[in-house]
Amino acid sequence: PPLLAARVFALVEVVLTSGFPTQLMIGLLLVGAGLDPRVPDGRLSMTFVVTLWLVDAVVLVGLIAALVRLRGERLGVLLFGTRSLLREAGLGLALVPVLFGLVVGALAAVRLLWPGLHNVAVNPFEDLIGSGRDAALLAAVAVLSGGVKEELQRAFVLRRFEQHLGGARVGLVVFSVVFGAGHFIQGWDVGVVTTLLGLFWGVLYLRRGSFTASAVSHSGFNVAQIVQFAIFG
């Protein structure tokens, strides 16, 4: 039946654009090409991480654009709605210090209430930063792969849930949990707080009808976190 077919196709779209299939495929291809994900001392390889994130961003953006076009939709409408780009960008920038303060407080609260969730002593991405050049490179990649790609994913997935898979609220919860799970390499506590961040950015997109504020605040938050790692790490 058409309704069932639409739901199945939407579910396939969501799975394909969730980030896990593409990163797994690209990671395996990089390893097969001889690129080791870790350096001899056991830390993550900057070359591997940067390559994985950039290639995954290109693949996912292209995939989402193709899927949107396949349905006869417009990517600009999905991403920007009718909002002013400048106003939305300004809102996103204003949210960066607020989000950073809330995350610091939430992380401290989680570690106080559930100390067992703090299972990673040092954030593995913090170890990537050995110089100012490393920090600048990681920040640039984090803007593209985090702020832009992940918020594009979120907008696409939420709309597919809204249209075919039980509603935007269901999609908000599901994708926020998936978003948090993707950060468990940094610790269970970080995964929990990241899930809350995903909820915030998802609500922001649904309320604004534009991904601009979410993308700018997400990018700014990532850059602020890397600056924190570089200065205080």
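## Surface

Accessible area is computed here by the Shrake-Rupley method with a 1.4 Å probe, and in this predicted model the protein exposes about 12,000 Å² of such area, with carbon and sulfur atoms supplying 70% of it. Turning from the surface to the interior, 44% of the 233 residues of the protein count as buried.

The protein carries 17 positive and 13 negative charges, and the mean positions of these two groups lie 11 Å apart.

## Helices and overall shape

The secondary structure consists of 9 helices and 0 strands, so that the pattern read along the sequence is α-α-α-α-α-α-α-α-α. Along its principal axes, the C-alpha trace spans about 55 × 40 × 35 Å.

How does the radius of gyration of the protein, 18 Å, fit with what a compact globule would have? The two agree, because a compact globule with 233 residues would have a radius of gyration near 17 Å. Among the contacts in the protein with a separation of 6 or more, 76% come from residues 24 or more positions apart in the sequence.

## The largest nonpolar core

The largest nonpolar core holds 19 residues, and those that touch the most other members are Trp 53, Leu 128, Leu 138 and Ile 226. Helix H2 (20–32), helix H3 (46–70), helix H6 (132–164) and helix H9 (212–232) each supply at least two residues of this core, and H3 gives the most to it, with 6 residues.

For a closer look at one member, Trp 53 is in contact with Phe 125, Leu 138, Val 141 and Ser 145, when its neighbours within four places in sequence are left aside.

Terms used: Residues numbered from 1 in each chain as written. Predicted model: local features only at pLDDT ≥ 70, side-chain atom pairs only at ≥ 80, totals over all residues. Heavy atoms only, no water. Helix = DSSP H or I, 4+ residues; strand = E, 2+ residues; numbered from the N terminus. Rg over C-alpha atoms; globule rule 2.2 N^0.38 Å. Buried < 20%, exposed > 50% of the residue type's maximum accessible area, 1.4 Å probe, protein only. Contact = heavy atoms within 4.5 Å. Lys, Arg positive; Asp, Glu negative; His and termini not counted. Charge placed at Lys NZ, Arg CZ, Asp CG, Glu CD. Core = buried A, V, L, I, M, F, W, Y, C linked by side-chain atoms within 4.5 Å.
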